[in-house]
Structures are given as C-alpha cells and as structure tokens.
Amino acid sequence: MSQTQLYPVVMAGGSGSRLWPLSRVLYPKQFLCLKGDLTMLQTTVCRLNGVECESPVVICNEQHRFIVAEQLRQLHKLTENIILEPAGRNTAPAIALAALAIKRHNPDSDPLMLVLAADHVIQNEEAFRASVRDAIPYAQSGKLVTFGIVPDLPETGYGYIRRGGVCAGQADSVAFEVAQFVEKPNLETAQGYVASGEYYWNSGMFLFRAGRFLEELNKYRPDILCACEQAMQAADPDMDFVRVDEEAFLACPEESIDYAVMERTADAVVVPMDAGWSDVGSWSSLWEISQHTPEGNVHHGDVISHNTQNSYVYAESGLVTTVGVKDLVVVQTKDAVLIADRNQVQDVKKVVEKIKADGRHEHHIHREVYRPWGKYDSIDTGERYQVKRITVKPGEGLSVQMHHHRAEHWVVVAGTAKVTINDEVKLLGENESIYIPLGARHCLENPGKIPLDLIEVRSGSYLEEDDIVRFADRYGRV
C-alpha cells in the first residue's frame, strides 16, 4: 500500500428502532453484541486489522459519548478521536465534520478517508479488506469511491447502484463508473436488477481523499460545508471528545452524502464487494446471518425450544421457552417482550411509534442504564420509592451532587464504597449501609480493585434522574 495516510471514519449515530426492544434511543444497535462477543461498533473497528491505517475517527451523538468512549477504550483505540454531534443531520454533514477534523490534523497533506457504518455485519472480513485495498488507487487519484455489494437476492430494502463502463487509468481495473443511484425498488424491479448483473446494493461505505470530498461538497452543497466549517472552527476539545459548536451545527441542512455529493459528482466510481454484507436492518436479517440449529432456530441466552422451527429467540434475563411454533421472533429484555411473525418484523417500528405516542419510556431507555462510572438497574418502583442496583467500576466515582426531592439509603453488597456526605468521609464494606438525607451534598466512589455493587433505595416526592444538582464531576457533566 502507498504511504498515503488512511483514516477510518465510523458513523455511529442512529437509533435502530426496527431492532427494538434491544435497540433503544439511548442504547442503539451499534453498541449491542448481536453477533459474537464484541459490539457492532467494536467489530467494525476490529475489521480494519490488516489494513494499514490510523486510529478511527468515530462520529456519534453527544448522548452516546461515554458508551463509545468505553467501547473504544476496551480495544485500546481511544485517542481523543470522538466527534460529537449535538443532533443528527444525516451523513453528508457528519462526514464533512470528519473531513475537516482530518484536514486540521494534516494541513500539509490530503489523507484518505474510509467511511464506514458502525452497525453493519460483514461475514468475510478478508474480502472486505481486499476490496478496500483495491479501491485505494482510485481514491488516491481523486475519485470518490463507493462500495457496491454484489447482490445474492432481489432485496427490496436496499438502494441500488447501476454500474457504467470500466474505470480507466488503472491496470487490471476492478472499478466501474457510477451510472446511477436508484431508490429501494419493488420486488419485480429488484429481480430485474439482479438478473442484469449491472446493479449492486448501496452499502453506504465510501473511500476518498478528505480534501476531494470537501471540494465536491463545496461545489454542490456549499451551505452544508459552510455550516460545518463554522461548527468546527468553534470546536471545543473535551477529554476524549471534540464538541462542535451547537448553534452552527443545528443550522446545518440535513442531507445524505448520496444526495449531496455522490449522485452529482462526475468522479464517482463503484468497487464491487462480495463479502457477506448486511446492514442488520431487522430481526429477520439477523436471523438470516446467524448460526442455526438443525430446526432452523437461532437461540441467544437461556432458551428451551420444543417442536419449534425457523425462529429467533433472544432471552436477556430469564428462561424463555417455545412450544409448537415456527417463523417467530421472540425477544425478551428486563422490561419488554416482543413476539412477531418473522416475515412482518419490518413493522416493529410501528410498535415503537405507538410506545412513543403513548408517552412511555421503553423506546428510549433500558431498565439497565450505562454510565461512564458503571451502570444501574432499576429493580423496583412504587409511588414514593425506587430501588436500584448500582455497579461502580474500580477507580471510578459518581459526581458530587445533591437532590431536592429524595433521600437515599445505600447498602453495599460487594466491594468497598467511599462515601462523602457534606464534609464527612466514610469507607463501607460488604453488608454495611449509610443514609443520605434530602438536600445533603454527597459523593460515591469505588477506591478498590473490584467492582462495587450496592443497593440504593430512594424515597421522596420525586424520584426521576433529573432531580440532581452537580457540583463537581470527573466526566465533565457539570
């Protein structure tokens, strides 16, 4: 490979509502372990092993920043490389922010950007890496490369790319000029596309020089580029994050890279990729790419099935059993259960819309919630009380805070707790407890080498998470 620098850019936004109840607004599918032991974001980063490149630049929503940071930290890939979007503005502005950041760090060169989505599955990772290597010479020469997935069936849930002539200028060319981007077709049209051999699925993956992308964006959507430049000029480095200016970015138009640039540029080329790709857009697609039992079932967690066929059964926190059913999707979490016909799972998003319209919370947040210091699980709730199990990672701690409407009682069940109430500091071991009065300034830390587990009982007139006043916080949340 040439010495030209290559920066992977991983887009980790989106909510993935069609994979509810696992995927929620505050913990969407790209942060879940849906296939294997790594999350989808982590798998995307590890897929680059074997490609000579820099640490990835990850673009995500601000509310997901600590999840992304922790998952990158586990891979030793956390290098102040997370760009935070105040709100989603689709792919063109997100990629523009990354391109501007990369150019800022490389003012005397024009590195390559490999744009990837954090929520794709690729079965043949070596074929993926080979396609990236094949595409590099075209991107180096100034082309804007998109990767077209070789279709194995007439899929109606994807957009397509029609190829034109062979791309000139490279020996043994493997790329084609882009003749047309087309929207998601009906079944008959999709069958014609696949039969022709001239169409690929639109993967949403790209490779180009950062400067070339910005040049084309300036040509076709200068308004997007201007807003992103203003947002990056006032960017505020914050620990491992880059916070762009909120006011400038919220003024940016919302547009996809396809509409903004790729459908307009004269320099778009497509490199075919045959690597077992899926965007995991539904429970049925996850069933398709998973390992099946002889009966055609996919089991995750504590599952017992009898006389069950071609079904996907996911158990998060208890035993799930099925008897005498077929073609079902059953997903159990701590606070919700989904049962759906496997052929109608595209309509799961309609259930999510109903949950949201009813003012419920199950579309937004899990019962178990992750924080930069650890996590908590809401075990029980009554009219004037709430019970949580809190886990604090070794060496971490909650903010110095107080509450106007609730008191708290903490019982340590594992590890050691360092508790500060006003100016008094206490160390608590297993089976010891402490009471935090309403209005007291307090802090909880784990000074030990193992996770701290405690049971918190809240009591008062208002028990929600927004009853909190922070005085100091090691994670910048004051």
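A residue counts as buried when its relative accessible area is under 20%, and as exposed when that value is over 50%, with partly exposed in between. By that yardstick Cys443 is buried, because its relative accessible area comes to just 8%. Cys53 sits in the middle class, since its value is 28% and it is therefore partly exposed. All of this is read from a predicted model.

The cysteines are a handy place to start. The structure holds zero disulfides. Cys53 is in none, and the nearest cysteine sulfur, belonging to Cys46, lies 11 Å away. As for Cys443, this buried residue turns up among the contacts of Val419.

Val419 leads straight into the protein's interior. The largest nonpolar core has 62 residues, and Val419 is one of the members that touch the most others, along with Val68, Ile82, Trp283, Tyr312, Leu338 and Leu444. Helix 2, residues 65–74, supplies the largest share of this core, with five residues. Apart from it there is another core, this one of 46 residues, including Leu144, Phe176, Phe181 and Phe206. As a general matter, nonpolar side chains in soluble globular proteins tend to be buried together. Setting aside neighbours within four places in sequence, Val419 is in contact with Trp410, Glu424, Val425, Lys426, Leu428, Ile434, Cys443 and Leu444. Its partner list thus takes in charged residues such as Glu424 and Lys426.

Helix 2 deserves a closer look. Eight of its ten residues are buried, so the helix is mostly covered, taking under 20% relative accessible area as the cut-off. The buried ones are Arg65, Phe66, Ile67, Val68, Ala69, Glu70, Gln71 and Leu72. The cover over these residues includes helix 1 (40–46), along with strand 2 (57–61), strand 3 (82–85) and strand 11 (241–243). After the helix comes His76, whose phi is positive, near 60°.

Further along the chain, an open sheet of four strands runs in the order 14-16-18-19, with mixed pairing. Strand 14 (298–300) and strand 19 (337–341) form its edges, each pairing on one side only. Neighbouring strands in this sheet are turned by 5° against each other on average, direction ignored. In the middle, strand 16 (residues 312–315) and strand 18 (residues 328–332) pair in the parallel sense over four bridges. Val313 stands opposite Val330 of strand 18.

Two stretches carry domain annotations in UniProt, from an unreviewed entry. Residues 301–354 are annotated there as "MannoseP isomerase/GMP-like beta-helix". In the model this stretch is 13% helix and 41% strand, with its end C-alpha atoms 28 Å apart. Residues 359–473 are annotated in UniProt as "Mannose-6-phosphate isomerase type II C-terminal". Here the chain is 0% helix and 55% strand, and the end C-alpha atoms are separated by 31 Å.

Finally, Ser433 belongs to strand 27 (residues 433–436). Ser433 counts as partly exposed because its relative accessibility is 41%. Leaving out neighbours within four places in sequence, Ser433 is in contact with His409, Trp410, Val411 and Leu428. Trp410 and Leu428 also appear in the contact list of Val419. Between the C-alpha atoms of Ser433 and Glu255, which are 178 residues apart along the chain, the separation is 53 Å.

Key:
Residues are numbered from 1 along each chain as its sequence is written. This is a predicted model: local features need pLDDT of at least 70, side-chain atom pairs count only at pLDDT 80 or more; totals for chains, interfaces and linings use all residues. Side-chain values use heavy atoms; hydrogens and water are left out. A nonpolar core is a set of buried Ala, Val, Leu, Ile, Met, Phe, Trp, Tyr and Cys residues joined through side-chain atoms within 4.5 Å. Buried means under 20% relative accessible area, exposed over 50%, partly exposed in between (1.4 Å probe, protein chains only). Contact means heavy atoms within 4.5 Å. Two strands pair if DSSP finds at least two bridges between them. Axes are lines fitted to C-alpha atoms, for helices over the stretch in contact, and angles run from 0 to 180 degrees between N-to-C directions. A disulfide is a pair of cysteine sulfur atoms within 2.5 Å. UniProt positions are given in the numbering used here, feature names are shortened, and annotations may be inferred rather than shown by experiment.
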